[in-house]
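Work through the exercises below with the sequence and the 3D view at hand. Try each task before reading its solution.

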Amino acid sequence: QVQLVESGGGLVQAGDSLRLSCAAYGRSISMDARAWFRQAPGKEREFVAAINWSGSNTRYADSVQGRFTISRDNAKNTVYLQMNSLKRDDPAVYYCAADRAYSRLVVTTTLEDYAFWGQGTQVTVSS
C-alpha cells in the first residue's frame with residue numbers, strides 16, 4: 001500500500017510563493033507518475049500539474065502554466081509543486097496523487113487514472 005502525505009500549504013498574500021511537498025510511504029512508487037490536483041469549495045477537483053517518473057515529461061493546467069513548477073526527487077520519494085505569483089483564483093485544497101499505471105512515459109491529466117491520494121493541504125491567498 002502507498003500513503004501520500006502533503007505539506008507546505010498555508011496563508012499567503014497575492015503575488016507570494018509557496019512550495020508544496022508530497023512524500024510517499026510504503027512501497028516505492030519512484031517509477032510512477034505523480035500529479036497535483038486542487039479542489040476549491042463548491043467546485044470539482046481539477047488537474048494542476050503532473051510529472052512522469054523520470055521528470056522528462058510534465059504537463060500543467062492552462063491556469064497555472066508559467067507560474068507553477070512540478071518536480072520530483074525519487075531518492076526521497078517526494079514530489080514538489082513550486083507555486084509562484086499566487087492569485088486569488090488559486091486558493092483550494094491541493095491533493096497529491098500517484099498514477100495507477102507503472103512507468104507511464106506521457107502523463108495523464110485524468111483524475112481516474114490516479115490510484116493513490118493524499119489527504120490534501122490547504123492553500124489560502126489573501127488580497
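The exercises deal with salt bridges and with one sheet in this predicted model.

**Exercise 1.** Find how many salt bridges the structure holds, and state which residues are linked in a network.

*Solution.* Start with the general idea: side chains of opposite charge can pair when their charged atoms come close. The structure holds four salt bridges. Arg38, Glu46, Arg67 and Asp90 are linked in a network of such bridges.

**Exercise 2.** Work out which parts of the chain are tied together by the salt bridge between arginine 38 and aspartate 90.

*Solution.* Step one is the contact: the two side chains meet with an N to O distance of 3.0 Å. Step two is to place both residues. Arginine 38 belongs to strand β4, residues 34–39, while aspartate 90 sits in the loop between β8 (78–83) and β9 (92–99), so the bridge ties together parts 52 residues apart in sequence.

Step three is accessibility, where buried means under 20% relative accessible area. Arginine 38 has 4% and therefore counts as buried. Aspartate 90 has 1%, so it is buried as well.

**Exercise 3.** Aspartate 90 also forms a salt bridge with arginine 67. Describe this pair in the same steps.

*Solution.* The side chains of aspartate 90 and arginine 67 meet at 2.8 Å, N to O. Aspartate 90 is in the loop between β8 and β9, and arginine 67 is in the loop between β6 (58–60) and β7 (68–73), so this pair ties together parts that are 23 residues apart in sequence. Arginine 67 has a relative accessible area of 9%, which means that it is buried.

**Exercise 4.** Arginine 104 and aspartate 99 meet in a salt bridge. Is arginine 104 buried or partly exposed, and is aspartate 99 buried or exposed?

*Solution.* The N to O distance between these side chains is 2.6 Å. Partly exposed covers the range between under 20% and over 50%. Arginine 104, at 25% relative accessible area, is therefore partly exposed. Aspartate 99, at 1%, counts as buried.

**Exercise 5.** Give the strand order of the open sheet and name its edge strands.

*Solution.* Four strands form the sheet, in the order β1-β3-β8-β7, with antiparallel pairing. The edges are β1 (2–7) and β7, each of which pairs on one side only. On average, neighbouring strands of the sheet are turned by 15 degrees against each other, direction ignored.

Now look at one pairing. β1 and β3 (residues 18–26) run antiparallel and are joined by six bridges. Serine 7 stands opposite serine 21 in β3.

Conventions. Residues numbered from 1 in each chain as written. Predicted model: local features only at pLDDT ≥ 70, side-chain atom pairs only at ≥ 80, totals over all residues. Heavy atoms only, no water. Helix = DSSP H or I, 4+ residues; strand = E, 2+ residues; numbered from the N terminus. Buried < 20%, exposed > 50% of the residue type's maximum accessible area, 1.4 Å probe, protein only. Pairing = 2+ DSSP bridges. Axes fitted to C-alpha atoms, helices over the stretch in contact; angles between N-to-C directions.
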